[in-house]
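Visitor: I would like to go through this model with you, starting with one residue and then moving outward. Could you fix the vocabulary before we begin?

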Amino acid sequence: MATFDPFRHNNAPTNDSRIQMSTSQAIEIPGVGTLAPADALARAMESHGRGDLETADDISRRILSQFPNQAESLYLRGIIAHQRGKLKSAEKYLRRAIKSAPKNHMGHGGLGIVRLTQNRFKDAAALFEHALSISAEQPHIHNNFGLALAELGEFAEAAQHYEEALRMAPHYADAWLNLGKLRQDEGRLDDAAGCYEQALKAAPNMAEAHNNLGNIHHRTGHADAALDSYTRAVEANPNYLEALFNKAIMQAEVGKIDDAVDSYRTVIEADADHIEAICGLGEVLETLGEASEAEECYRRASKIRPDRLSEAREGRLHYMLGRCFDRLKKYDQAFAEFKAANELQLVALQRSGRSYVRTDHESFIYQIIDAFPIGSEKERTCLGVSDDMPIFVLGMPRSGTTLAEQILASHPLVHGAGELMEIPQASLRLADDGGSWPEGLSRLDRVLASQLGNNYLNALRKLAPGAKRIVDKLPTNFLFVGLIRALLPNATIVHMRRNPLDSCISNYFRNFGEAVPHNHDLTDLGHYYRQYVRLMSHWDAVFPGKIFHLDYELLVREQEPTSRALIAKCGLDWDDRCLEFHMTDRTVQTASYLQVRRPIYDDSMERWRHYEDHLGPLTAALEGP
């Protein structure tokens, strides 16, 4: 959950905010002396505001011993109990505060926080709404109301309340953080990054904002910035294991394997049951050739059964355990873990209304095919920019695209840019009113094609100003081959092919989250694969001889001749460094980032045979109706 903030006391009380306290009665405060009741309350609030819970609780308790219905003291004891994790006690005091002063927003807002903690989001939202009806100018309650609404899926309304909180308090770091999380979940990464930067202006040591900004840098391919953000998060909070774990992943991706080992070990020292870190350590040790120690990590992780997990972490751990059992050659146990992970993902997809619908995807593929009929090559190409700088490596995910990119990027004239989103974003530029590809293709004339083509080239040049060729290896660009040929007719298109069963189970075994809805059911996965094959066959018919097909298995078995053919296809002279791709010092940000640190290997070929007894639904789906 995002960050809530119930603990602000600088708002003017309403007329019903406190039970009148006699000024003739004094409150005895140890070490201070006697204070008038109002002064004692102010001291309690001030103590709480600077984090001195003991003093705040003691003073509020003393006030209540003389004035049992004093609303603000009841509220204060309630939120202190909440901070200490005593939810029943917190609820008791906050209900008493509401009963004593029903027109005081503080009690309602405080009880709303308890309901948030209990995941009773509808009840929390109702309490925050009521609190704001009493006193609307309460930025912290707007922030908390936004949290409840976001959990209920009412994202637009949540954003409005975060923004209202920021209108009242422009330097409210928690509200900036929460708005950033919302924008990040919506895929509005630039907006999210701006929110995190605003949060850090207000609170430079806000570790979560640094970590989340690192996640955005990571996702957008800015490796150095990501590593810097994770480092700042850890410096701000050395006990922030999520940031330290992310830092370890980033260190591995940029090739700082020894540093990654140290970071993983630090996480494990703090949390001996951190399965993700133990598995991560095993994988980097495997890369370093420490096979026995790596195996010990996998054995250790496979024995851990943590309790009280969130659904999201439970799914991640099933994936991790599946990988452990796979490494240990316990294939039935591995498949059981992968299946459990994917079943959790299916539940989440159904809940969010984002399940894979086979008929919808078939219709989508037919729309693309209809938009590029056979014989339309001249009509649909040569509209854009004739620059030959881009190399597109595409195909099913987990088909060897990262290996092909790493071989290419080992050439001194080539830069590997990773998985770029520019082509999918260009497709959205064509569609009106929130439509999707291939809608709006009729709008693509020479002017727009040149504009979109140049936009793409400019984005590439910013990544590697001196490179002759730049690789974009977003696998799902296979959906946009027609658009690529229209915008960049001289680009090289490399299509990676792999054994269908190996390709599909490799996808099934990887945690791609809800962003890949077809990945979590073997029948869905097989259906998606057949649609991919159908579309690639169509592209071959529309653009004969324009797509270079590269088989993963051939590349593994005959590395040098196949690599030479790939380099030649890209119009480059051969360089022996392309055979030593595992030595290339570059960031690799896909699921294969550790594999390409090793020389070429055949471990993944015919991997499906280990799981043959479980693959009946996939085999049937691949064969078709």
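Guide: Two residues are in contact when they have heavy atoms within 4.5 Å of each other. The model is predicted, so local features need a pLDDT of at least 70 and side-chain atom pairs count only at pLDDT 80 or more, while totals for chains, interfaces and linings use all residues. Residues are numbered from 1 along each chain as its sequence is written, and side-chain values use heavy atoms, with hydrogens and water left out.

Visitor: Good. Which residues does Met605 touch, not counting those up to four places away in sequence?

Guide: Met605 touches Asp502, Tyr552, Glu553, Val556 and Arg557. Met605 itself belongs to the loop that joins α28 (559-569) to α29 (616-623). Helices (H or I, at least four residues) and strands (E, at least two) are DSSP runs, numbered from the N terminus.

Visitor: Is Met605 buried or exposed?

Guide: Neither; its relative accessibility is 21%, and Met605 therefore counts as partly exposed. Buried means under 20% relative accessible area and exposed means over 50%, with partly exposed in between (1.4 Å probe, protein chains only).

Visitor: And how far apart are the C-alpha atoms of Met605 and Asp271?

Guide: They are separated by 36 Å, and the two residues lie 334 positions apart along the chain.

Visitor: Let us step back. How many helices and strands does the protein have?

Guide: The protein has 29 helices and seven strands. Its C-alpha trace spans about 95 × 60 × 50 Å along the principal axes. Of its 625 residues, 55% count as buried. Among contacts with a separation of 6 or more, 67% join residues 24 or more positions apart.

Visitor: What is the order of the strands in the open sheet?

Guide: The order is β4-β5-β3-β6-β7, with parallel pairing among these five strands. The strands at the edges are β4 (414-416) and β7, each with a single partner strand, so one side of each has no neighbour in the sheet. On average, neighbouring strands are turned by 25° against each other, direction ignored. Two strands pair if DSSP finds at least two bridges between them.

Visitor: Which strands pair with β6?

Guide: Strand β3 (residues 390-394) pairs with β6 over four bridges, and strand β7 (residues 547-551) pairs with β6 over five; both pairings are parallel. Ile391 stands opposite Thr492 of β6, and Val494 has Phe548 in β7 as its bridge partner. Strand β6, residues 492-497, is mostly covered, with five of its six residues buried.

Visitor: What lies across β3, β4 and β5?

Guide: Helix α23 (residues 446-463) does, running at about 95° to β3; β5 comprises residues 469-472. Axes are lines fitted to C-alpha atoms, for helices over the stretch in contact, and angles run from 0 to 180 degrees between N-to-C directions.

Visitor: Ahead of α23, where is Ser436?

Guide: Ser436 sits in the loop between α22 (422-430) and α23. This residue is partly exposed, at 38% relative accessible area. Beyond its neighbours within four places in sequence, Ser436 contacts Leu428 and Ala431. The C-alpha atoms of Ser436 and Phe364 are 9.7 Å apart, although 72 residues separate them along the chain.

Visitor: For contrast, is Asn507 buried or exposed?

Guide: Asn507 is buried, with a relative accessible area of 2%. This residue is found in helix α25 (residues 500-508). Residues up to four places away aside, Asn507 touches Met396, Pro397, Arg398, Phe512, Asn519 and Leu525.

Visitor: Turning to α3, why is it described as largely enclosed?

Guide: Twelve of its 13 residues are buried, so the rest of the structure largely encloses α3. The buried ones include Tyr75, Arg77 and His82. Their cover includes α1 (37-49), α2 (53-66), α4 (87-100) and α5 (105-117).

Visitor: What span does α3 reach?

Guide: Helix α3 (residues 71-83) reaches 18 Å from its first C-alpha to its last, close to the 18 Å expected. The expected span is 1.5 Å times one less than the number of residues. Just after α3, Gly85 adopts a positive phi of about 80°.

Visitor: Finally, how many disulfides are found in the whole structure?

Guide: Zero; a disulfide is a pair of cysteine sulfur atoms within 2.5 Å. Cys195 is buried at 6% relative accessibility, and Cys504 is buried at 0%.
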